[in-house]
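Welcome! Let us walk through this structure together, one part at a time. Please take a look at it before reading on.

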Amino acid sequence: MIRLLDNYDLTAYNTFRIRAKAKKFFEFTEPDELIFFLQEGGLPGNFFVLGGGSNLLLKNDFNGLIIYPNIPGVGEVGEDRNHIFLEAGAGVEWDELVRLSVVFELGGLENLSLIPGKVGAAPVQNVGAYGVEAKEYIHLVRAVDLQTGQKVEFTNEQCRFGYRDSIFKNELKNKVVITSVVFKLDKFPEYNLEYGALKAEVDKAGETTLQNVRDAVIRIREAKLPDPEKIGNGGSFFKNPVVNDDVAKKLKDEYKGMPAYPSGIDDKTKLAAGWLIDQCGWKGYREGNVGVHSEQALVLVNYGGATGAEVVALAEKIKQSVNRKFGIELMPEVNIIG
Ligand code: EPU
C-alpha cells in the first residue's frame, strides 16, 4: 500500500509530540513500492526516513519528503543447531518483535524490551539497554539503495556497529532505506543480568526465564523513563560521552562515586551523561513547556505544546553547564531535524 500526502501533520509520528508538518509524506508497505516510487523520480533532494519517531526532534516544519517504511511481518526464515533466524519488517514495532521472540522462547532481545520505535531503526543506531545491544543479534539488514533503486543487504560486519552507531548513520546516511532485519536468536538463551539492578528485579520473580527478564526490564524502564504516550520525550537526549581514560580518571578522583564503564574501545571510558546532568542540578527542572525528567536527567520532556526550538534551547543550556562543570561536551543522541 502506498500513501503520498501533502502538508502532513507529524504530531502522531514523533514521541516528543512536537507539532510539525511535512511538505510531503510517502508511506509504503513493500520494498517494491519504494523501488517503483524511485523509478518514477519521486525522490527530491531534501528527504529523511522516519521510523517510530522515538529518537527524533523536529525543530521546524519539514520542507521536504518524509519516507515512512511501514513494512509489516515477523517470520522464521532459517535455523541452525543453536539459532532461529527471524525476519521482521522495518515497520514492525520494536517491542512487538521482542514480545514475540519471548513468546517463541528465543533468547537475545529480552533485555531490549519496551524500547520505543520500529525495527527499521534498530540497526541505524544499534539500540541498546541493560548490557545488550541489538548488534549482538542482528544477522542481516535488507534495504533499498536510493541511488540505484536496487535491493541490497548488509551482513552484521558490514553494518559497522558501534555504541549508538552504524554505517547507516555515517557513510550510508540518506543512501539506503532499511526494509527488514534478520535476527539470529538463541534457542538456548544465555541470560545477561549484569547490568545494575536487573538481576535483583528478575530474582523477585523466583526463576530466570525470558518472560521474567522481559517483565523485570519493563518494570525498571517504567519506573525511570517517562511513557511517551503520557508525556512527550525522545528517550535519552544525549549519548553517554566516551572520553580518554586519563580524563575519566581525573574526574573519578575528583568526584568519588562517579559512574564510569568500559567503552569497548582501547584507552576510552564511557561516562554517564545522566549523572553529569544530574550533578549540575537539572533533574526535575521545568521551564515553560519543556523540562528534565524527574527520575532520569538524561531525558528531556515536552509537558505539552512545546516547540522543537524550546527543547533545543534547553538542551543547549544543559550542554553548556555540563561543559563548564566537567569540561565534557555532550552530543545529542536524538536526531534533530530542521
Ligand atoms: N544517573 C544519575 N542521575 C540521573 C540519571 C542517571 O545519577 O538522573 C546515574 C545512574 O545512577 C547510573 C548512571 O547514571 O549510575 C547511568 O544511568 P542509567 O543506568 O539510568 O542509564 P543511562 O546511561 O542513563 C543508558 C541508555 C538508555 C538505556 C539505559 C539502560 C544511552 C544514551 N542511554 O542510559 O537508553 O535504557 O542505559 O541500559 O546510552 C535511549 O537510548 O534512549 C535510552 C533510554
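How far from an oxygen atom of the ligand does a polar side-chain atom of Arg 221 lie? The distance is 3.2 Å, which fits the cut-off for a polar contact, a pair of N or O atoms within 3.5 Å (within protein, one must be able to donate a hydrogen and the other to accept it, and residues adjacent in sequence count only if both atoms are side-chain atoms). Before we go further, please keep in mind that this is a predicted model: local features need pLDDT of at least 70, side-chain atom pairs count only at pLDDT 80 or more, and totals for chains, interfaces and linings use all residues. Residues are numbered from 1 along each chain as its sequence is written, and side-chain values use heavy atoms, with hydrogens and water left out.

Let us stay with the ligand. An N or O atom in the side chain of Asn 240 is 2.8 Å from one of the ligand's oxygen atoms. At Ala 297, a polar backbone atom is 2.8 Å from an oxygen atom of the ligand. Of the 820 Å² of accessible area that the ligand has on its own, the protein covers 82%; such areas come from the Shrake-Rupley method with a 1.4 Å probe, and for residues, only the protein chains shown count as cover.

The ligand is surrounded by 23 residues, the closest being Tyr 130, Tyr 163, Tyr 195, Asp 278 and Gln 296. Here a residue is near a molecule or strand if one of its heavy atoms lies within 4 Å of it. The shell has 11 nonpolar, six polar and six charged residues, where Ala, Val, Leu, Ile, Met, Phe, Trp, Tyr, Cys and Pro count as nonpolar, Asp, Glu, Lys and Arg as charged, and the others, Gly among them, as polar. Helix α7 gives the largest share of this shell, three residues. Helices (H or I, at least four residues) and strands (E, at least two) are DSSP runs, numbered from the N terminus.

Now turn to the sheets. Strands of a sheet pair through backbone hydrogen bonds, either parallel or antiparallel. Two strands count as paired if DSSP finds at least two bridges between them. One open sheet has five strands in the order β6-β7-β12-β10-β11, with antiparallel pairing. Its edges are β6 (74-79) and β11 (151-155), each with a single partner strand, so one side of each has no neighbour in the sheet. On average, neighbouring strands here are turned by 25° against each other, direction ignored. Axes are lines fitted to C-alpha atoms, for helices over the stretch in contact, and angles run from 0 to 180 degrees between N-to-C directions.

Within this sheet, β6 and β7 form a hairpin with three residues between them, and five bridges pair the two. Val 74 stands opposite Ala 88 in β7. On to the next pair: β7 (residues 83-89) and β12 (residues 176-186) are joined by seven bridges, and Leu 86 has Phe 183 in β12 as its bridge partner. Helix α1 (residues 31-39) packs on the sheet, touching β10 (138-145), β11 and β12, and its direction makes about 30° with that of β10; contact means heavy atoms within 4.5 Å. Helix α2 (residues 94-103) lies across β6, β7 and β12, at about 20° to β12.

A further open sheet has three strands in the order β14-β16-β15, again with antiparallel pairing. Its edge strands, β14 and β15, each pair on one side only, and the twist averages 45° from one strand to the next. Helix α6 (residues 245-254) packs on this sheet, touching β14, β15 and β16, with its direction at about 95° to that of β14. Between β14 (residues 242-244) and β16 (residues 268-271) there are three bridges; Asn 244 has Lys 268 as its bridge partner. Finally, β15 and β16 form a hairpin with five residues between them, and Gly 264 in the turn has a positive phi of about 85°.
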